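Work through the exercises below with the sequence and the coordinates side by side. Try each task before reading its solution.

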Amino acid sequence: MTEQELQKMVDIAVNALEDVKAKDIVVLDTSAKTSLFTRMIIASGDSTRQVKALTNNVAVDLKEAGFNILGSEGQDSGEWALVDADDLVVHVMLPAVRDFYDIEALWGGEKPSFHNGASEPWHAADN
């Protein structure tokens, strides 16, 4: 896949997330870390219903644009769902799940602040 095609794929996915009001959208370049995919998008949804709608919208828009969807996971629970589009993987999570797993740090991205103005979230490991 060319860089231009990849950027088009990322733009479509980000627009699909924005259309359903995703929060804290982060795009990571993972090309130096794995050969499985080149970009990863991580976003948050406010409810399990929204998480499901966000991943569905991404899959539909990418497929309509001619990109291959290899699979999707997590629509049953809606706490963490993903769309695997070969060179692009899109993760959508509830904020608490995203905070707990912190996959931005795992993949070398900068962690956004999910709790603007709120106290720090509770972590089981802190006790």
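The exercises go from the overall fold to salt bridges, a helix, a strand residue and aromatic pairs, and they concern a predicted model.

**Exercise 1. Describe the order of the secondary structure elements and the general extent of burial in the protein.**

Solution. Begin with the inventory, which consists of 4 helices and 5 strands. Read from the N terminus on, these elements follow the order α-β-β-α-β-β-β-α-α. Turn next to burial: the protein has 127 residues, of which 40% count as buried. The exposed surface comes to about 7300 Å², and carbon and sulfur atoms supply 48% of it. Finally, consider the contacts between residues at least 6 apart in sequence, of which 54% join residues at least 24 apart.

**Exercise 2. Find the residues that are linked with Arg 39 in a network of salt bridges, and state which elements they connect.**

Solution. The structure holds 4 salt bridges, and two of them can be followed from Arg 39. In one, the side chains of Arg 39 and Glu 3 meet with an N to O distance of 2.7 Å. Because Arg 39 lies in strand β2 (residues 39-44) and Glu 3 in helix α1 (residues 3-19), this pair ties together parts that are 36 residues apart in sequence. In the other, Arg 39 forms a salt bridge with Asp 29, where the closest N and O atoms are 3.2 Å apart. Since Asp 29 lies in strand β1 and Arg 39 in strand β2, this second pair ties together parts that are 10 residues apart in sequence. Taken together, Glu 3, Asp 29 and Arg 39 are linked in a network of salt bridges.

The surroundings of the three residues can then be checked by their relative accessible areas. Arg 39 is buried at 10%, whereas Glu 3 is partly exposed at 48% and Asp 29 is partly exposed at 44%.

**Exercise 3. Locate the salt bridge between Lys 23 and Asp 46, and place both residues in the chain.**

Solution. The side chains of Lys 23 and Asp 46 meet with an N to O distance of 2.6 Å. This pair links distant parts of the chain, with Lys 23 in strand β1 (residues 23-29) and Asp 46 in the loop between β2 and α2 (48-64), 23 residues apart. Lys 23 has a relative accessible area of 38%, which makes it partly exposed.

**Exercise 4. Test whether the end-to-end distance of α1 agrees or disagrees with its number of residues, and then find what its buried residues pack against.**

Solution. The helix has 17 residues, so at 1.5 Å a residue it should span 24 Å, and the end C-alpha atoms are indeed 24 Å apart, which agrees. The buried residues of α1 are Leu 6, Met 9, Val 10, Ile 12, Ala 13, Val 14, Ala 16 and Leu 17. These buried residues pack against β1, β2, α2 and β5 (88-93). Just after the helix, Lys 21 takes a positive phi of about 65°.

**Exercise 5. Characterise the environment of Ile 41.**

Solution. First place the residue: Ile 41 is in strand β2. Its relative accessible area is 0%, so Ile 41 is buried. Then list what Ile 41 touches, leaving aside residues up to four places away in sequence: Val 10, Ala 13, Val 14, Leu 17, Ile 25, Val 26, Val 27, Leu 88, Val 89, Val 90 and His 91. One of these, Ala 13, is 28 residues from Ile 41 in sequence, while the two C-alpha atoms are 8.3 Å apart in space.

**Exercise 6. Classify the ring pair of Phe 37 and Trp 107 and that of Phe 100 and Tyr 101.**

Solution. The count comes to 3 aromatic pairs. For Phe 37 and Trp 107, the ring centres are 5.4 Å apart and the planes lie at 55°, so the pair is tilted. As Phe 37 lies in the loop between β1 and β2 and Trp 107 in the segment after α4 (103-106), the pair ties together parts that are 70 residues apart in sequence. Both Phe 37 and Trp 107 are buried.

For Phe 100 and Tyr 101, the centres are 4.9 Å apart and the planes lie at 85°, so this pair is edge-to-face. Phe 100 is exposed, with a relative accessible area of 58%, whereas Tyr 101 is partly exposed at 47%. Ring pairs also bring in Trp 80, which is linked with Phe 100 and Tyr 101 into a cluster.

Key: Residues are numbered from 1 along each chain as its sequence is written. This is a predicted model: local features need pLDDT of at least 70, side-chain atom pairs count only at pLDDT 80 or more; totals for chains, interfaces and linings use all residues. Side-chain values use heavy atoms; hydrogens and water are left out. Helices (H or I, at least four residues) and strands (E, at least two) are DSSP runs, numbered from the N terminus. Buried means under 20% relative accessible area, exposed over 50%, partly exposed in between (1.4 Å probe, protein chains only). The expected span of a helix is 1.5 Å times one less than its number of residues. Contact means heavy atoms within 4.5 Å. Rings of Phe, Tyr and Trp (its six-membered ring) pair if their centres lie within 6.5 Å; planes under 30 degrees apart count as stacked, over 60 as edge-to-face and the rest as tilted. Accessible areas come from the Shrake-Rupley method with a 1.4 Å probe; for residues, only the protein chains shown count as cover.
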